[in-house]
Amino acid sequence: MMRRHLIILGLWACGTGFSVLHASDGGYLLQLTSDKRVPVQRLLEEGDTLSAAPLAGHRLSPEDRYTPEKGYGYDLLASPDESGDRPYYVSVQVPDGNYRVTVLLGNRKEAGVTTVRAESRRLFLESVPTKKGEFRTFTFTVNKRTPKISDTEAVRIKPRERSKLNWDDKLTIEINGDRPQCAAIRIEPDRRVPTLFLAGNSTVVDQDEEPWASWGQMISRFFDAEVCFANYAESGECADTFIRAGRLKKALSQMKPGDYMFMEFGHNDQKQKGPGRGAYYSFATSLKTFIDEVRQHGGHPVLVTPTCRRAFKDGKIQPTHADYPGAVHWVAEREQVPLIDLQEMTRVLFEALGEEGSKRAFVHYPAGTYPGQDKALADNTHFNPYGAYQIARCVIEGMKQARLPFVDHLREDVQPFRPSVPDSPDAFHWDESPFVEMQKPDGN
């Protein structure tokens with residue numbers, strides 16, 4: 001039976017009493033605080049009742065650490081304490097699918113600024129302020145998956161992926177921010193919303209560790225809970241290797257009519273050599289396979305040209321992807337598929353930042369910037385959080401230009417974006433994850 005989980009996080013400064021506040025719908029709402037003035041009831045009033053399955057009641061104390069046997073608890077880092085000044089994680093074991101998550105942010109005794117991410121650093125809420133005594137609810141939808149396709153098949157994930165939160169058997173919520181204050185989390189399955197699948201390489205993938213980031217993990221921040229992004233991209237993948245690894249088959253096993261699949265390849269495909277290889281040969285054939293398979297499952301394919309590398313000459317970005325962007329255009333026109341020209345938009349974006357300024361959109365950091373970093377990082381392909389955020393905004397403008405219907409579900413605070421006028425890197429704020437990796441992602 002599918003279960004819905006409602007977890008009430010302890011506000012330990014207010015006490016550690018335990019009470020059952022609600023027991024309708026066959027489930028429980030559990031509160032781990034003796035402060036009865038915390039408005040946990042909002043999660044019942046504002047959270048949708050999407051399933052007749054019962055809520056599973058859990059008593060979550062600081063000692064409740066996640067284990068596969070228990071199926072819920074604080075995870076990865078230490079449980080929160082009274083200091084309220086460090087990030088923490090909560091995980092619940094749930095089957096594959098989309099989950100509507102409602103969070104109650106705030107604290108009766110102090111102000112807060114909270115950022116919420118899920119799974120492999122997928123951004124949903126950024127720097128949400130709450131005044132002392134103020135509580136605010138927010139809802140978003142998260143996709144969760146495992147490698148399993150069927151009883152006899154599984155995605156052939158790489159060794160580096162085995163520790164990724166995107167591929168494990170739990171749904172993980174990260175509570176971060178300058179002063180993180182989360183009072184409650186409601187999690188329940190949502191089979192209604194359209195899923196927007198992402199297929200691609202390291203410029204799209206959810207990067208787990210700092211300082212790496214990609215547009216696929218930022219774009220969810222800009223949409224409301226009526227759409228769900230499922231990022232299947234992986235570093236180092238080509239269009240054909242993505243298919244051979246079973247990634248497309250896994251996505252199709254989760255796809256329902258009306259869903260979308262966005263495909264951005266080219267960086268690694270151009271390095272493939274041998275008989276039958278080439279932009280208008282093996283690459284175009286693989287894109288056609290994606291399109292045909294998605295359509296056979298009732299979905300809508302969307303093609304995306306590859307992001308530019310940071311390759312300047314005389315102040316201008318130089319093309320580095322050979323015939324591959326042209327092949328994407330050709331297939332899109334031939335197959336009547338919407339196209340997002342991300343190559344052109346990132347060219348404009350990087351030229352607007354300038355040859356030196358564009359380093360601030362990529363992983364360019366002097367030695368010693370991060371723990372264990374004994375060498376400078378100077379990567380002209382992979383983005384940092386600022387760069388990924390800007391490119392996500394480019395993708396959204398491409399969605400608008402293609403008149404894709406789900407742009408009606410952009411959040412109210414999303415403003416129009418021009419790549420020629422990027423956000424200032426100095427004004428960008430990112431709450432860093434506590435996990436850092438100095439090894440560059442696969443691909444180039």
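In this predicted model, the axes of helices H6 and H7 come within 10 Å and cross at roughly 135 degrees. Angles over 145 degrees would count as roughly antiparallel, and 65 to 115 as roughly perpendicular. H6 and H7 are therefore oblique to each other. Their crossing is right-handed. The residues that make the contact are tabulated here.

| Helix | Residues in the H6–H7 contact |
|---|---|
| H6 | Leu342, Met345, Thr346, Leu349, Phe350, Leu353 |
| H7 | Tyr386, Gln390, Ile391, Cys394, Val395, Glu397, Gly398 |

H6 itself has 12 residues, which should span 16 Å at 1.5 Å a residue. Its end C-alpha atoms are 16 Å apart, so the two values agree. The buried residues of H6 are Leu342, Gln343, Met345, Thr346, Leu349, Phe350, Glu351 and Leu353. Gly354 comes just after H6 and takes a positive phi of about 90 degrees.

Both helices feed the largest nonpolar core, of 46 residues. Strands E13 (195–200), E15 (260–264) and E16 (300–304) also give two or more residues each. H7 supplies the largest share, nine residues.

Which residues touch the most other members of this core? They are Trp215, Ile219, Phe223, Phe262, Phe350, Met399 and Phe406. Phe350 also belongs to the H6 side of the helix contact.

Trp215 deserves its own list. Leaving out residues up to four places away in sequence, Trp215 touches Leu198, Thr203, Val204, Glu264, Leu342, Ala388, Ile391, Ala392 and Val395. Of these, Leu342, Ile391 and Val395 also take part in the H6–H7 contact.

Apart from the largest core lies another, of 27 residues. Ala239, Phe242, Phe290 and Val328 are among them.

Terms used:
Residues numbered from 1 in each chain as written. Predicted model: local features only at pLDDT ≥ 70, side-chain atom pairs only at ≥ 80, totals over all residues. Heavy atoms only, no water. Core = buried A, V, L, I, M, F, W, Y, C linked by side-chain atoms within 4.5 Å. Buried < 20%, exposed > 50% of the residue type's maximum accessible area, 1.4 Å probe, protein only. Helix = DSSP H or I, 4+ residues; strand = E, 2+ residues; numbered from the N terminus. Contact = heavy atoms within 4.5 Å. Expected span 1.5 Å × (residues − 1). Axes fitted to C-alpha atoms, helices over the stretch in contact; angles between N-to-C directions. Parallel < 35°, antiparallel > 145°, perpendicular 65-115°, else oblique. Left-handed = near helix turned anticlockwise from the far one by under 90°.
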